[in-house]
Amino acid sequence: MNLFDVPDILPEEEQTELLLAGKTRIERIVSGGQTSDWYDQAEDEWVCVLKGEGELEYADGSRQRLRAGDTAYLPAHLRHRVSYTSAPCIWLCVFRPAE
């Protein structure tokens, strides 16, 4: 699999599990302009934008714009949502149990 091979048209966000090792999961998520509802995850999440741009909004109203190469760490139960994505936006996400 090539992380940068994405469909031309994405009616829905595409999630692909790349690795599951114990309780750690790595996913590629491809967004095509989609946004999300609010998340309150039981897992820690580290994200990296590989291509395009995305924006995370936090419960306190702050926003974080991520461009290719930028990363963010989202500890468990940090309320957040994806408020913007370019078309396409390729995310690499690592999920692991909270400590």
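In strand β6, the residue that bridges to E45 is L74. This pairing, seen in a predicted model, is a handy place to start a walk through the fold. It belongs to the contact between β3 and β6, two strands that run antiparallel and are joined by four bridges. In general, the strands of a sheet are held to one another by backbone hydrogen bonds, in either a parallel or an antiparallel arrangement.

Stepping back from that one pair, β3 and β6 turn out to be part of an open sheet of five strands, ordered β1-β2-β8-β3-β6 and paired in the antiparallel sense. The edges of this sheet are taken by β1 (14-21) and β6 (71-74); each has a single partner strand, so one side of each is left without a neighbour in the sheet. On average, and with direction ignored, neighbouring strands here are turned by 20° against each other.

The inner pairings of the five-stranded sheet can be followed one by one. Between β3 and β8, which run antiparallel, there are eight bridges. Here W46 has V94 of β8 as its bridge partner. On moving to β2 and β8, seven bridges are found, again with antiparallel pairing. In this case V30 stands opposite I90 of β8. When looking along any of these strands, it helps to remember that side chains in a regular strand alternate between the two faces of the sheet.

A second open sheet is built from three strands in the order β5-β4-β7, and its pairing is antiparallel too. Which strands stand at its edges? They are β5 (63-67) and β7, and because each has a single partner strand, one side of each is left without a neighbour in the sheet. The twist from one strand to the next averages 25° in this sheet. Strand β4 (residues 53-58) meets β7 through five bridges in the antiparallel sense, and G54 stands opposite T85 in β7.

Attention now turns to the open space in the model. The largest pocket has a volume of about 270 Å³. Its lining is made up of 20 residues, and those nearest the centre of the pocket are E13, I29, Y39, E45 and V82. E45, the residue bridged to L74 in β6, is thus met again here, among the residues nearest the pocket centre. Four strands, β2 (24-31), β3 (43-51), β7 (80-85) and β8 (89-97), each supply at least two residues of the lining. Of these, which strand gives the most? That is β2, with four residues. Sorted by class, the lining holds nine nonpolar, seven polar and four charged residues.

Aromatic rings offer another point of interest. How many aromatic pairs does a search of the whole structure find? The count is zero. Rings do, however, have charged groups over them. R25 lies over the face of F95, at 4.2 Å from the ring centre, and the charged end of R81 sits over the ring of W38, at 5.8 Å from its centre.

Finally, two details of the backbone deserve a look. As a rule, most peptide bonds are trans, and most residues other than glycine have a negative phi. Against this background, the peptide bond joining A87 and P88 is cis, with omega at about 0°. P88 lies in the loop between β7 and β8. The other detail is H77, a residue other than glycine whose phi is positive, near 70°. H77 is found in the loop between β6 and β7.

Notes: Residues are numbered from 1 along each chain as its sequence is written. This is a predicted model: local features need pLDDT of at least 70, side-chain atom pairs count only at pLDDT 80 or more; totals for chains, interfaces and linings use all residues. Side-chain values use heavy atoms; hydrogens and water are left out. On a 1 Å grid over the protein atoms alone, a cavity is a set of points where a 1.4 Å probe fits but cannot get out, and a pocket is an open set with protein on both sides within 12 Å along at least five of seven lines; lining residues have an atom within 4 Å of a point. Grid points are joined across faces, edges and corners, and a volume is the space filled by probe spheres set on the points. Ala, Val, Leu, Ile, Met, Phe, Trp, Tyr, Cys and Pro count as nonpolar, Asp, Glu, Lys and Arg as charged, and the others, Gly among them, as polar. Two strands pair if DSSP finds at least two bridges between them. Axes are lines fitted to C-alpha atoms, for helices over the stretch in contact, and angles run from 0 to 180 degrees between N-to-C directions. Rings of Phe, Tyr and Trp (its six-membered ring) pair if their centres lie within 6.5 Å; planes under 30 degrees apart count as stacked, over 60 as edge-to-face and the rest as tilted. A charge sits over a ring if NZ of Lys or CZ of Arg is within 6 Å of the ring centre and within 35 degrees of the ring normal.
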